[in-house]
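Trainee: Got a minute to look at a structure with me?

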Amino acid sequence: MRYRLTFVAGLALGYVLGTRAGRERYEQLKKSARQVAQNPAVRNTAESAAQQSREFAGKAYHAVSEKVGDHVPDSVADRVRSLRERNTNGTGEDDWGTSNT
């Protein structure tokens with residue numbers, strides 16, 4: 001699904017950059033994109049996909065950590081552990097100031 005979205009976004013960008021229709025066509029495409037993005041079905045689907053990806057990432061993390069386990073240097077393991085504890089204690093931000101929503 002991600003590859004399809006990337007492909008469609010690339011097509012739209014190529015069309016906008018390559019078109020000779022001018023500003024009017026650009027504004028029309030922008031309005032259409034905004035309407036699609038504000039559609040409740042699209043927003044629900046995007047949130048659902050984000051939630052599923054978070055769950056998958058959590059499962060992958062546990063699977064990898066079980067296999068890698070002792071092969072990670074202690075300094076790295078301690079840093080990851082402190083970041084996870086800080087994020088579960090309510091800050092919700094990483095070192096770059098972005099939230100994990």
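Mentor: Sure, residue classes first: Ala, Val, Leu, Ile, Met, Phe, Trp, Tyr, Cys and Pro count as nonpolar, Asp, Glu, Lys and Arg as charged, and the others, Gly among them, as polar. It's a predicted model, where local features need pLDDT of at least 70 and side-chain atom pairs pLDDT 80 or more, while totals for chains, interfaces and linings use all residues. Numbering runs from 1 along each chain as its sequence is written, and side-chain values use heavy atoms, without hydrogens or water.

Trainee: OK, what volume does the largest pocket have?

Mentor: About 750 Å³. A pocket here is an open set of points on a 1 Å grid where a 1.4 Å probe fits, with protein on both sides within 12 Å along at least five of seven lines, and lining residues have an atom within 4 Å of a point.

Trainee: Which residues lie nearest its centre?

Mentor: Leu5, Val8, Ala9, Val36 and Val42, out of 20 that line the largest pocket. Helix 1, helix 2 (23-38) and helix 3 (40-68) each give two or more residues to that lining; helices are DSSP runs of H or I, at least four residues.

Trainee: And how does that lining divide by class?

Mentor: The largest pocket has 15 nonpolar, 3 polar and 2 charged lining residues.

Trainee: Switching over, what about the second largest pocket?

Mentor: Its volume is about 260 Å³. Tyr61, Ser65, Val72, Ala77 and Val80 are the closest to its centre, among 11 lining residues.

Trainee: Which helix gives the most there?

Mentor: Helix 4, with 5 residues. Helix 3 also supplies at least two.

Trainee: Classes?

Mentor: For the second largest pocket, 7 nonpolar, 2 polar and 2 charged.

How values were computed. Grid points are joined across faces, edges and corners, and a volume is the space filled by probe spheres set on the points.
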